[in-house]
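Please read these notes with the model open beside you. They are set out as numbered points, one topic to each.

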Amino acid sequence: ITPDPVWHRDGFNLHCERKVDIWKLILGSDVEIHTPTGSTLSMTVPQHTQPGSIMRLKGQGLVSKNGPPGDILVRMQAQIPDTIPDALLDAIRQHQ
């Protein structure tokens, strides 16, 4: 099996990292995950998800002949925007 820059295999489970806008981690959101087969899955990221958290898409990994399919495990990586409005920065400073 050829190594892939995005996916790491562990048995029938597939692991990847997904950059997610910091605001989606804070507020919660649905994000799309593009699978190795070319399909797209929707995953709900709950409010207050910490960067580095691992989310599981049960049964969406590799298919097994003798058992249940593996899972897709997605590590959430925070993506901070290049620009943040001054008003928002001031509000954040007030709550530190």
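The points below cover the sheet, the salt bridges, one loop residue and the aromatic rings.

1. Status of the model. This is a predicted model. Every value in this note should be read with that in mind.

2. The sheet as a whole. Four strands form an open sheet in the order β1-β2-β6-β5, and the pairing is mixed. The edges are taken by β1 (8–10) and β5, each of which has a single partner strand, so one side of each lacks a neighbour in the sheet. From one strand to the next the twist averages 35°. When checking side chains by eye, recall that in a regular strand they alternate between the two faces of the sheet.

3. The β1 edge. β1 and β2 run antiparallel and are joined by three bridges. A pair to look for here is D10, which stands opposite N13 in β2.

4. The parallel pair. Which strand pairs with β2 in the parallel sense? The partner is β6: strand β2 covers residues 13–21, strand β6 covers residues 72–79, and eight bridges connect them. Within β6, Q79 is the residue opposite D21.

5. The β5 edge. Strand β5 spans residues 54–57 and pairs with β6 in the antiparallel sense, over four bridges. M55 has V74 in β6 as its bridge partner. With β2 pairing in the parallel sense and β5 in the antiparallel sense, β6 shows both senses of the mixed sheet.

6. Salt bridge between R56 and D71. The structure holds two salt bridges. One of them joins the side chains of R56 and D71, at 2.5 Å from N to O. R56 belongs to strand β5 whereas D71 sits in the loop between β5 and β6, so the pair ties together parts 15 residues apart in sequence. Is D71 buried or exposed? D71 is buried, because its relative accessible area is 8% and the limit for that class is under 20%.

7. Salt bridge between R93 and D90. Here the closest N and O atoms are 3.1 Å apart. Both residues lie in helix α2 (residues 86–94), and because they are three residues apart, about one helical turn separates them. R93 is exposed, with a relative accessible area of 53%. D90 counts as partly exposed, at 40% relative accessibility. The contrast with D71, which is buried at 8%, is worth having in view when the two bridges are discussed together.

8. The loop at T37. T37 is found in the loop between β3 (29–34) and β4 (40–45). T37 is exposed, with a relative accessible area of 72%. What does the side chain of T37 contact? A polar contact of 2.9 Å joins it to the side chain of T35, and another, of 3.5 Å, is made with the side chain of S39. As for position in the fold, T37 and P85 are 39 Å apart from C-alpha to C-alpha, with their places 48 residues apart in sequence.

9. Aromatic rings. How many aromatic pairs are there? The count is zero, with ring centres required to lie within 6.5 Å of each other to pair. A ring does take part in a contact with a charge: the charged end of R9 sits over the ring of F12, 5.9 Å from the ring centre.

Note on methods
Residues numbered from 1 in each chain as written. Predicted model: local features only at pLDDT ≥ 70, side-chain atom pairs only at ≥ 80, totals over all residues. Heavy atoms only, no water. Phe/Tyr/Trp six-rings, centres within 6.5 Å; stacked < 30°, edge-to-face > 60°. Lys NZ or Arg CZ within 6 Å of the ring centre and 35° of its normal. Pairing = 2+ DSSP bridges. Helix = DSSP H or I, 4+ residues; strand = E, 2+ residues; numbered from the N terminus. Salt bridge = Lys/Arg side-chain N within 4 Å of Asp/Glu carboxyl O. Buried < 20%, exposed > 50% of the residue type's maximum accessible area, 1.4 Å probe, protein only. Polar contact = N/O pair within 3.5 Å; in protein donor to acceptor, adjacent residues only side chain to side chain. Axes fitted to C-alpha atoms, helices over the stretch in contact; angles between N-to-C directions.
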